[in-house]
Amino acid sequence: MRVLYDDLGLRESHGGVSRYFSELFRNFPSDIEPVICQQESVNKYMLSPPFNIPPARYSFDKFLPGCNLIGRSYLYRLVSGMLPRLFPAYERMNQKLFKRHIGSLDFDIVHLTSPHGSSEGWGTRAWHSVIGKKPIVLTVHDLIPDKLNKSHRVARQRRFELGAASHIIAVSNNTKRDLIDLYNVPEAKISVIYHGYTAKVDNMCGSVFPDMRYILYVGKRGGYKNSDFFVRSMVPMLKSDKELHLVFTGGRFSDVELKTFSDLGIANQVHQRFVSDAEMGGLMANALCFVYPSKYEGFGIPILDAFSVGCPVVLSRCSCFPEVAGDAALYFDDNDAEGLRSCVKSLSDDAFRQKMIGLGKIRVQMFSWIDAAKQTADIYRKVM
């Protein structure tokens, strides 16, 4: 069975969506043949074996490097569209590949990698009529833009794609409830398939920050990620214990963030580091705990990563977190700074800390990429 995947959800260099699809591709049963519309890629998972897709020669990161011009992304799209020979942006190349496959009908199913499909200049409405009765499967990871931005354009596009889909995969029951509540999607049309985890046991030796006591934050910051709340909540603990630090992975700190750290008097105790997969296991395993203060997530793969290497987890009591982590994590209520600090402080009791580590290692065994791939393949057979 040939399943066609557009590349829109595969454009992250890192991140949960990119990882999700790469793990499905690796673990599908032998009767599923993924047709991946990527000639070039910035996705670290797709650059690696067994995919070995060539790295993108022209991408947004390589366009006017070092320039913080407002409208840079618009200019990038304009130049890549008007001068494709001089600036063959990988996104447009991959979009054309997807369009060729749609036109040739050399597939059995389309699986959209993003809730917005391949809507850049040639949207779902255009190609939906071309594929006839061939099934469409859609994975919805979260409804963040729908709940937080409430854009009419996003809602229109979402309604069309949800209606066009033969079946919808939600990555949590929380996302399933949002689909039903916001868009009245019939429950029978939605299947919940959890993410899996990738064991990092081989990567636990060593640490990026040896001999440092630190609390770990992983991923993007700002907005609903609630990172500013996290930093400000930790200030009393950092000031009372100068040997305690905060470590962030993800993008470099902005000038605004650096000024905030300085104004709060904690600049020397806050660190940012981009780490490879080979280093992430050690970074988590050596942390006092991993804190995920986000107000909304679709699933939260870093929770499973932390469980797998014995890192205690502290979560906001929001969206899917209790569903994913169960009793293996500590929770604080939304924007309750004292509650967050109390959770972190409780882990100074070694017996309690070891109890939480043990619960996490039990909990993570509930999640498997092999199971996720098998259940997804079952959906494909069902819609056929």
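**A parallel sheet, its helices and a nonpolar core**

Strand S7 is mostly covered, with 4 of its 5 residues buried. The model discussed here is a predicted one. S7 runs parallel to strand S8, and 5 bridges join the pair. Within this pairing, Tyr214 sits opposite His245 of S8.

Now for the whole sheet. It is an open one, built from 6 strands in the order S9-S8-S7-S10-S11-S12, and the pairing is parallel. Strand S9 (270-272) and strand S12 (330-332) stand at the edges; each has a single partner strand, so one side of each is left without a neighbour in the sheet. From one strand to the next, the twist averages 25°. Helix H9, made of residues 227-240, packs on the sheet and touches strand S7 (213-217), strand S8 (244-248), strand S10 (289-292) and S12. The direction of H9 makes about 165° with that of S8. Angles over 145 degrees count as roughly antiparallel, so H9 and S8 run roughly antiparallel to each other. Over at the S12 edge, strand S11 (residues 313-316) pairs with S12 in the parallel sense, over 3 bridges. One residue to look for in this pairing is Val314, whose bridge partner in S12 is Leu330. As a bit of background, the strands of a sheet pair through backbone hydrogen bonds, either parallel or antiparallel.

Next comes the nonpolar core. In soluble globular proteins, nonpolar side chains tend to be buried together. Here the largest nonpolar core has 56 residues, and the members that touch the most others are Phe25, Ile303, Phe307 and Leu315. Helix H16 (residues 369-383) gives this core its largest share, 6 residues. As for Phe307, if residues up to four places away in sequence are not counted, its contacts are Val313, Ala325, Ala328, Ala329, Gly360, Lys361, Arg363 and Val364.

Helix H1 is worth a look too. It covers residues 16-27, and at 1.5 Å a residue its 12 residues should span 16 Å; the end C-alpha atoms are 16 Å apart, which agrees. A run of H1 residues is buried, namely Ser18, Arg19, Tyr20, Phe21, Ser22, Glu23, Leu24 and Phe25. The axes of H1 and H16 come within 9 Å and cross at roughly 80°, and the two helices are therefore roughly perpendicular to each other. Where they meet, H1 brings Tyr20, Glu23, Leu24 and Asn27, while H16 brings Trp369, Ile370, Ala372, Ala373 and Thr376. A helix makes one turn every 3.6 residues, so residues three or four places apart point the same way.

Finally, two loop residues. Ser114 is found in the loop between strand S3 (109-112) and helix H5 (124-128). Its relative accessibility is 10%, so Ser114 counts as buried. Not counting residues up to four places away in sequence, Ser114 touches Asp6, Leu8, Gly9, Leu138 and Glu161. Leu143, for its part, lies in the loop between strand S4 (136-140) and helix H6 (144-149). With 0% relative accessibility, Leu143 counts as buried as well. Leaving aside neighbours within four places in sequence, Leu143 is in contact with Arg158, Asp178, Leu179, Leu182 and Tyr296. One of these partners, Asp178, is 35 residues from Leu143 in sequence, yet the two C-alpha atoms are 7.1 Å apart in space.

Note on methods. Residues are numbered from 1 along each chain as its sequence is written. This is a predicted model: local features need pLDDT of at least 70, side-chain atom pairs count only at pLDDT 80 or more; totals for chains, interfaces and linings use all residues. Side-chain values use heavy atoms; hydrogens and water are left out. Two strands pair if DSSP finds at least two bridges between them. Axes are lines fitted to C-alpha atoms, for helices over the stretch in contact, and angles run from 0 to 180 degrees between N-to-C directions. Contact means heavy atoms within 4.5 Å. A nonpolar core is a set of buried Ala, Val, Leu, Ile, Met, Phe, Trp, Tyr and Cys residues joined through side-chain atoms within 4.5 Å. Buried means under 20% relative accessible area, exposed over 50%, partly exposed in between (1.4 Å probe, protein chains only). The expected span of a helix is 1.5 Å times one less than its number of residues. Angles under 35 degrees count as roughly parallel, over 145 as roughly antiparallel, 65 to 115 as roughly perpendicular and the rest as oblique.
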